[in-house]
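Biologist: I am new to reading structures, and I would like a close look at one part. Could you walk me through it slowly?

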Amino acid sequence: MDELRNYARELLEKEEVAAVIGYQQVTEKRTKPIVITDPAETSRLVFNEYCLNNLAVYLTKARIRSLMRTKDKTMKLAIVAKPCDVHSIVALIQENQIHRNDVHIISFNCHGVVKDFGCDFNGDNLAAKCIKCETHKPLYFDKIFGEEKQTPKAGDASLEKINELEKLNSKERFEFFKSEFDKCIKCYACRAVCPLCYCQRCITDKAIPRWIESSSHQRGNFSWNIVRAFHLSGRCTGCGECDRACPMDIPLSLINRRMAMEVKDLFSFVSGRSLETPTLVGNFDKKDSDEIFM
Amino acid sequence: MPHLAEIREIIDESPDTRTFRLMFKDAGTAESFDFKAGQFAEYSAFGDGESTFCIASSPTRKDLIECSFKVYGKVTQSLQRLNVGDTIGIRGPYGNWFPLDELKGKNLLFIAGGIGLAPVRCVIENVLDKREDYKNVSIVYGARSVSDLIYKQEIREWKSRTDVSVIVTVDPGGETPGWDGEVGFVPAVIEKSAPTSENTAVILCGPPVMIKFTMPVLTNLGFKDEDVYTTLENRMKCGLGKCGRCNIGNVYVCKDGPVFTYAQIKKLPQEF
Amino acid sequence: MSFKMEEKIISKDDLLKLCGDVIAKGHTLLAPGIAEYEQVKDVSQIRLDSSALPTKTSYKSYVFPKAEPILYYKRSKSDVQLIDVDVNGKKIVVLGAKPCDTNSINILKHLFNWDYEDEFFNLRQKHFVIIGLMCSSFDEYCFCTSVGSSPVSEEGSDLFLIPINEDKFALRIITEKGKEFIEPYSEFLKDGDEAKSNAVLESIKKPEVAFDSKQVHEWLGDNFENPKWEGIGNVCLSCAQCAFVCPVCHCFDLVDEDYSYSEGRRMKNWDGCQFGHFTLHASGHNPRDIQSKRYRQRVNHKFRYYVDKFGEILCTGCGRCSRGCPVSIDIKEIVSNCKD
Ligand SMILES: Cc1cc2nc3c(=O)[nH]c(=O)nc-3n(C[C@H](O)[C@H](O)[C@H](O)COP(=O)(O)OP(=O)(O)OC[C@H]3O[C@@H](n4cnc5c(N)ncnc54)[C@H](O)[C@@H]3O)c2cc1C
Ligand code: SF4
Ligand code: SF4
Ligand code: SF4
Ligand code: SF4
Ligand code: SF4
Ligand code: FES
């Protein structure tokens, strides 16, 4: 921990970065985000199995971006990112939301995080994304800490659920999602936590014409959740933040993961894994399969 | 439940501002709809929603209710598509009003900018219909350009009266070749005309920048903050003190406003 | 209003029979599930667990629905016809409401009835019967005791349950409405011992008082501008999770939506002050343009404005907003920090 704190303090003191976006401990089994501009505050930084948030979401926030510009120069933002959060940063770079030279990625060798605050860290409580994680070492970073450790073993309940849904006929599947979406209260927490939902004006906020009814009744909810899933397909990196944020426990990442599987099968593309390959949508080829639109 | 009203007449005030003259469909409502100068209403274009406008006509002329609106977004665009004979909804009247009774026996100085003339016009007409209750009445009205001036017809009427002084001005660059009014920003025009602050109340409505630069001028001329009345226009939905978006501190603009004295405004949290 | 509390005893089995009857009569019976107060279809669903933490959402949506039509319209060539909405005034019984929920409707009542009386809210509220249940555990987010309530508060309950042992509850009749509701079931009731159930209430561990709400009120008045707001504004993500799960947040939007070429309805939908466009003017001007101002509004509305207007804090201390916040913003911590 001291390594991380010292490193972050130096970055700020040497004015290499304008701010460090990281985690601070709240209770024994909970952390929360902190945006640090004062070098003295770096003593609060932590990194552990309770660092659930995907901090990449802050990289596109106007308030945070405005910290980068001082009177006489522009500085980078440093961000503490798990290897999976790095996927989101990669996706943001690829979609031209942030420049690689504007972020300083501090990452870790990661062996997983808990599914929710307050749990003990073990196989039963491993976050769904960690169960299927293939990148325990970050693909891109400017600084890396921590030693490699074994991730606890766990069964992939979310994949089982997807397979179960696959077995249903389309009407039954539709019913399942309809009953889940019915619960939606349109709090937009799912959108707020998503690093890739960075649109300045989301389509749901557009009133002329109104594409998506703002009411949280069946029709309004269905169009919102489906539009969001489609807009994220091929872009969602699978960080699972929307799932975690949803107060109504709607299994949003089931859809996103299913979409990602489809995209991987059809286009051999996984979002946020490489700075060299272009984005899926940006590279749409007429020869590509159009099955996904059906 | 909104009352239904028919559009009797449409007046194009400027390229982006329109006035509706409205008649309630229900005779009982027309009779009982009572309001005071400065109050507002919620007007609906069914299918697109409601918008807040002040009631621009005077309570002393109750035959037709008028509202003027600048076309911005969803509802105002939808209203713009309507024709004479079409039906809209009206809820109201809401909010407080200019204390015209208290102002009796005083000189009145009206200052308005742009669409801000809409709420002021209602007061002006109310005052003109009870002219003997007030001393000198002067009006200073400014807009960005000649074509942005609204209520050209009414202004002509006011100008033709001998008991009102009217100054109309446009921002520098906004004048046309035949323009016979002043050229200059409202604060500068007021500074030049130097109205007396003696026993005078000011009614001031316009864009925030205009208010910001007019206030120091008025203060220099000796006007007290509590003699300057203005309106605040926060985003509103319900008009009933419930939906929660119009508050400034514990003041609900839709209930406790929209009319405030400048002294009251200064005391509010600066968040508007 | 001065109803004299009556102390009774009811066995768990009889209580469940009573619930069965409520369902059989076609009333809505709500009981805490995990995410929300669920409609009980079968009494075997009922847990009546005084140690459960508050559900993720409250039962607010049953008095103030998340999306409800307030009028229907029909357009023909140039005419419009308006059709009233029939509010269904079905009886709703909440069983096992948490003490940090029971008073929520009373708090909301002020807002929905000052000046204009909201008939939708009032009709629904009239048909509500609230059976509160003493609460026997809390977590780091609970702070009912700091806002004038407590885990044993009967405030807002029509009937109040106190577990005496495995299969018996003390049942207190708190209001006239509660008495009316329980009358038909008097065969289930035996006279209770107030001292005995008071002893249970006293033995309950309560969250420590985290702040003095009067001091907070004062501090907020003096600190409209304070760098503390900025720190929060940097981290908060501007969603409305906190407002929508809150039992007493009440902001709404009004929108028209057509469902055919000529017909549609006007909807009243939940809205929240943390959304950026909540106060956005058509001209583009926004009085609360940045998140720090919006969070300031949230805290001020709850702990200052509402108190000034209606004499009550707009918060029951349930901790839902904090428990559910995706970035762990803790209102108790923030309000506790509202001091120099
Ligand atoms: C007291 C008072 C008096 C006023 N008097 C006048 C007057 O006399 N004349 C005048 O011209 N103006 C007046 N205004 C201003 C006027 O109310 C607004 O200009 C007008 O409402 C703009 O409406 P719009 O539909 O064109 O704007 P829009 O911005 O399109 O808003 C229309 C509706 O669309 C929805 N909407 C828009 N954007 C969003 C979004 N991002 N997310 C969700 N929903 C959205 C909302 O439901 C909104 O109500 C007054 C305002 C007040 C408060
Ligand atoms: S998904 Fe992988 S990188 Fe992300 S937290 Fe889990 S184990 Fe670590
Ligand atoms: S977080 Fe859940 S409840 Fe909120 S808008 Fe998203 S899906 Fe709906
Ligand atoms: S405090 Fe938390 S729940 Fe509320 S708007 Fe901010 S991020 Fe969302
Ligand atoms: S503000 Fe938070 S703690 Fe207070 S009542 Fe609302 S949800 Fe509960
Ligand atoms: S805190 Fe915000 S959302 Fe909640 S009632 Fe107050 S203004 Fe409305
Ligand atoms: S407009 Fe709804 S509270 Fe003022």
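Biologist: How many residues of domain 1 of chain C are in contact with domain 2 of chain C, and how many residues of domain 2 do they touch?

Modeller: Happy to help! This is a predicted model, where local features need pLDDT of at least 70 and side-chain atom pairs count only at pLDDT 80 or more, while totals for chains, interfaces and linings use all residues. Residues are numbered from 1 along each chain as its sequence is written, chains are lettered from A and ligands numbered from 1 in the order in which they are written, and side-chain values use heavy atoms, leaving out hydrogens and water.

Now to your question: 25 residues of domain 1 of chain C are in contact with 26 residues of domain 2 of chain C, contact meaning heavy atoms within 4.5 Å. Domain 1 covers 6–63 + 87–203, and domain 2 covers 213–249 + 273–336; such bounds come from an automatic or database domain assignment. Taken over C-alpha atoms, the centres of these two domains of chain C are 28 Å apart.

Next, the area. Between domain 1 and domain 2 of chain C, about 2,200 Å² is buried, with carbon and sulfur atoms giving 58% of it. Buried area is the accessible area (1.4 Å probe) that two parts lose on being put together, summed over both. On the domain 1 side, C:I107, C:Y141 and C:F143 lose the most area to domain 2, together 30% of what that side buries.

There are polar links too. Two salt bridges are counted between the two domains of chain C, a salt bridge being a side-chain nitrogen of Lys or Arg within 4 Å of a carboxyl oxygen of Asp or Glu. The side chains of C:R320 and C:D101 form a salt bridge, at 2.9 Å from N to O.

Which elements take part? On the side of domain 1 that touches domain 2, α2 (99–102) and α3 (104–113) of chain C give two or more residues, and α3(C) gives the most, with six residues. Helices here are DSSP runs (H or I, at least four residues), numbered from the N terminus. That side of domain 1 divides into twelve nonpolar, eight polar and five charged residues. Ala, Val, Leu, Ile, Met, Phe, Trp, Tyr, Cys and Pro count as nonpolar, Asp, Glu, Lys and Arg as charged, and the others, Gly among them, as polar.

Finally, C:F143 and C:R320 turn up again among the residues surrounding ligand 5, where a residue counts if one of its heavy atoms lies within 4 Å.
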